[in-house]
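User: I am new to reading protein models and would like a close look at a single part of this one. Please take one chain and then follow it outwards to whatever surrounds it.

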Amino acid sequence: MTVTTKESRDVIKTVDEVVDEFHARSEELIPILMKLNQELGFISSEALERISTRMHIPQSQVYSVASFYHMINTKPTGRHVIKFCESAPCHVAGGREVWEAVQKELEIKPEETSKDGKWTLKTTSCLGVCAVGPVMMVDDDIYGNLTPDQLPDIFAKYQ
Amino acid sequence: MTALQAELAAKGLADEVKVLETPRIGDCEKGPEILVYPENYHYIGLSVKDIPFLVEEQFLKGRPVTNLLAPPKKEEAQELREPTAKEVRVVLRNCGKINPENIEDYIAEDGYSALAKVITSMDSDQVIDTVKNSGLRGRGGAGFLTALKWGFTRDAVGDIRYIVCNADEGDPGAFMNRAVLEGDPHSVIEGMIIAAYAIGAQQGYIYCRAEYPIAVRTLEIAIEQARDLGLLGEHIFGTDFSFDLEVRQGAGAFVCGEETALIASIEGRRGEPRPRPPFPAVKGLFGKPTNINNVETYANIPQIILNGAEWFASMGTEKSKGTKTFALAGDVKKTGLIEVPFGITLRDIIFDVGGGIKDDLQFKAVQTGGPMGGCLPAEYLDLPMDYEKLTQAGSIMGSGGMVVMDEGTCMVDIARFFLEFIQDESCGKCVPCRVGTRRMLEILTRICEGNGREGDIELLEELSVEIRQDSLCGLGQGAPNPVVSTLQHFRDEYEIHIRDKKCPAKVCRALISYEIDPENCVGCTLCARNCPVDAISGEAKKTHVIDLDLCIRCGICNQVCNYNAVNVTT
Amino acid sequence: MNAIKNLDDLKKIREEALAKRKVTETSGATQVIVAMGTCGIAAGARETMKAVLEYIEAKNLPNIVVSQTGCIGLCEQEPILQVVSGQQEKVTYGKVSPDAARKIMQEHVEKGEVVGDFVIPSVG
């Protein structure tokens, strides 16, 4: 008998709800993964297994799709995810200095999560607001016209 | 009032011109006033004897009578800015003017009138002919004749057809599509319904990148409102034609802007391109004939139908008709969106509409067409914007992103930067792209770090040829472009990096050093306090010194110094 | 609104929408429009909108229509706020922080005086 923890049962429940919402259609795999990414924070191996069972798609294939797309996390993340635009227009508008200041302020490097589990720092490709660059997103909030001195206040908003 | 009505009736205009009595419009001391709508001409101080001439000029001939007009207000004078005279807003006509979450606003601006015209009085051939005569080319970058694509899709074998909108605008520096999706979503929806009618499709998808959540939301609201009004769904305008739309989000993969990768993504698979033929027009989404066009291509359709093919073809150059939106980013004063007719020069775009280089520094280069575009130096500033002319110059039109670079830009660093992006976004399916771009990036990184070797340039050139020839899709085929164009126009910069281990633009960290000028330094300690690695030492009011062994070349000391005492040397 | 079944239905909606606009203009109502495209939001348009709404509520101002629009294309001027007083020409303001918004509400919307410092030439 396999012992499932409460957390596992929650994961399975969430996966089932989302898969049912999209009628378990194979072409909806990416919307399903995106929604689960939002609800669970990342696609764990438990989630992968359940998706595979419910949708009759081999687990390797589900993982292959999940790991292909940048916005789907296959590793756990911190409570808040920062996505900093590393594309040329932001770079040219002073992004390099702000990027260094972000890393200094939070004391983490890209793809790392802070020790207290609060922040995960990622780079993102162009967010399409280049004219107000440098730009970053913290969770769903977007910040433009960034300068290093704005960072402490911005980060202080998040618990 | 009576005189006006009588004169209008006498000239047979009683049906065309509606006269409404309103409360005061402006300065009533000046005398009777008339506001002509929709032109917004405000006439004041009128008497009965003015009426016949006014009716003849304004209503019959469509010419305002300037000596009877109210003087322009101060704000109007400020709005008459020379540069924008070069702009012609077709695709962007409603952006910033209407509430995108209110379909009535769109309808008030002649929205869905083109669809009504098409459904009630045109057949598929007529629609496709109109698009053909307009000369509209795909605005996503390839510039393929739109009417030709529609024709192929319509004539392909099969009963089920799909219409897809490519809203996966991933080019760094490009945000034209985002503005249209957020500001005037119905123009795209209307364009898609017209395309569906002409091609014989029943279902459509708008594939929008997930990095644009507001655009996704705005589209979903717009589709819902269109459905409520019966403009989407069964029996549109009471005819047999039925069509519905769905929004599909991307998940953060630049390569999904490539049409076959986009199709794979909608189908729930990895966004990997496949060889063509067969083209999507013949075998696309779910194996069915599919027409894929860019947001801007669809957004042009309603205006072409309403104003006619000749109107559209009257703008632009011989082979590049109509207008194009461009997103100006980088070191230019007025960043943002513009829409101009083809044929305008780069010089006019950057220095006239764009206001010139920020801080009035020297122009160095402009990259057109996104990360697979080329960088063009000052000699090309008088190049007219035209698909073929840009390609001949070694760049591409692309979707319209334009990154302007000033004298402080290192062209080797820029090439490396774009290649890093492309390497990151390579789907990995084919060796020339996956491995080739990685090798190119390694070489460029070495050069920027001061480890360039004799023969590196030749190797880059050789790799470029092979990657271009042998890659499976547009991403790989275009990947070498930034390198090829910077090598072509800025070869000396590469040579100086490799041979002299210097960076002329003083950007590449490994090749520059910072030093404090003792003549200017007042010892304010600001630099030392801000240095992230504590590489600066000095007492208050005494000249400070940077320890070059500790210095990471971040440039913060140079930025914070108020006395111009920090110099960058290479 | 009912579903559009033919050309006349569409025409009717168009005319009603235009008439509604005219009424807003001639009634002397003031329209305050905040650009809420993503670039605007990245530059702080949400805070600007909040300041506008809070100002109206605090002062209990009547006859003001607040709405939103998309990206105008003048992204480096964001946040952008436009004021249409009755039938006067639209005035476009750029770099409108919450403080600037409050100033514009007080000077332009309430007193009818354009705040020259923030005016920017518009396009189209």
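Analyst: What follows is a walk through chain A, and then through the contacts that lead on to the other chains.

Please keep in mind from the start that this is a predicted model, and that every value below was computed from it. The secondary structure of chain A consists of six helices and four strands, and if you read along the sequence you will meet them in the order α-α-α-α-β-α-β-β-β-α. In this pattern four helices come before the first strand, and a helix ends the series. Taken along the principal axes, the C-alpha atoms of chain A fill a box of roughly 55 × 30 × 25 Å.

Turning from the outline to the inside, chain A has 159 residues, and 51% of them are buried, a word that here stands for a relative accessible area under 20%. When we look at contacts between residues of chain A that are at least 6 apart in sequence, 59% of these contacts join residues at least 24 apart. On the outside, chain A exposes about 7800 Å², and carbon and sulfur atoms supply 49% of that area. The charged side chains of chain A number 17 positive and 24 negative, and the centres of these two sets lie 3 Å apart.

From here we can step across to chain B, where 32 residues of chain A are in contact with 49 residues of chain B. Between them the two chains bury about 3300 Å², with 58% of this on carbon and sulfur atoms. Two salt bridges are counted between chain A and chain B, and A:Glu28 forms a salt bridge with B:Arg248, in which the closest N and O atoms are 3.5 Å apart.

Chain B also meets chain C, with 53 residues of chain B in contact with 44 residues of chain C. The area buried between chain B and chain C is about 4000 Å², and carbon and sulfur atoms give 56% of it. Three salt bridges are found across this interface, and the side chains of B:Glu109 and C:Arg21 meet in a salt bridge with an N to O distance of 2.9 Å.

A last stop is helix α5 of chain B, residues 113-121, whose buried residues are B:Ala114, B:Leu115, B:Ala116, B:Val118 and B:Ile119. The cover over these buried residues includes α6 (124-134), α9 (185-199) and α12 (295-307) of chain B, together with α1 (7-26) of chain C.

Key. Residues numbered from 1 in each chain as written. Chains lettered and ligands numbered in written order. Predicted model: local features only at pLDDT ≥ 70, side-chain atom pairs only at ≥ 80, totals over all residues. Heavy atoms only, no water. Helix = DSSP H or I, 4+ residues; strand = E, 2+ residues; numbered from the N terminus. Buried < 20%, exposed > 50% of the residue type's maximum accessible area, 1.4 Å probe, protein only. Contact = heavy atoms within 4.5 Å. Areas by Shrake-Rupley, 256 points an atom, 1.4 Å probe, with all protein chains shown as cover. Lys, Arg positive; Asp, Glu negative; His and termini not counted. Charge placed at Lys NZ, Arg CZ, Asp CG, Glu CD. Buried area = accessible area lost by both parts, 1.4 Å probe. Salt bridge = Lys/Arg side-chain N within 4 Å of Asp/Glu carboxyl O.
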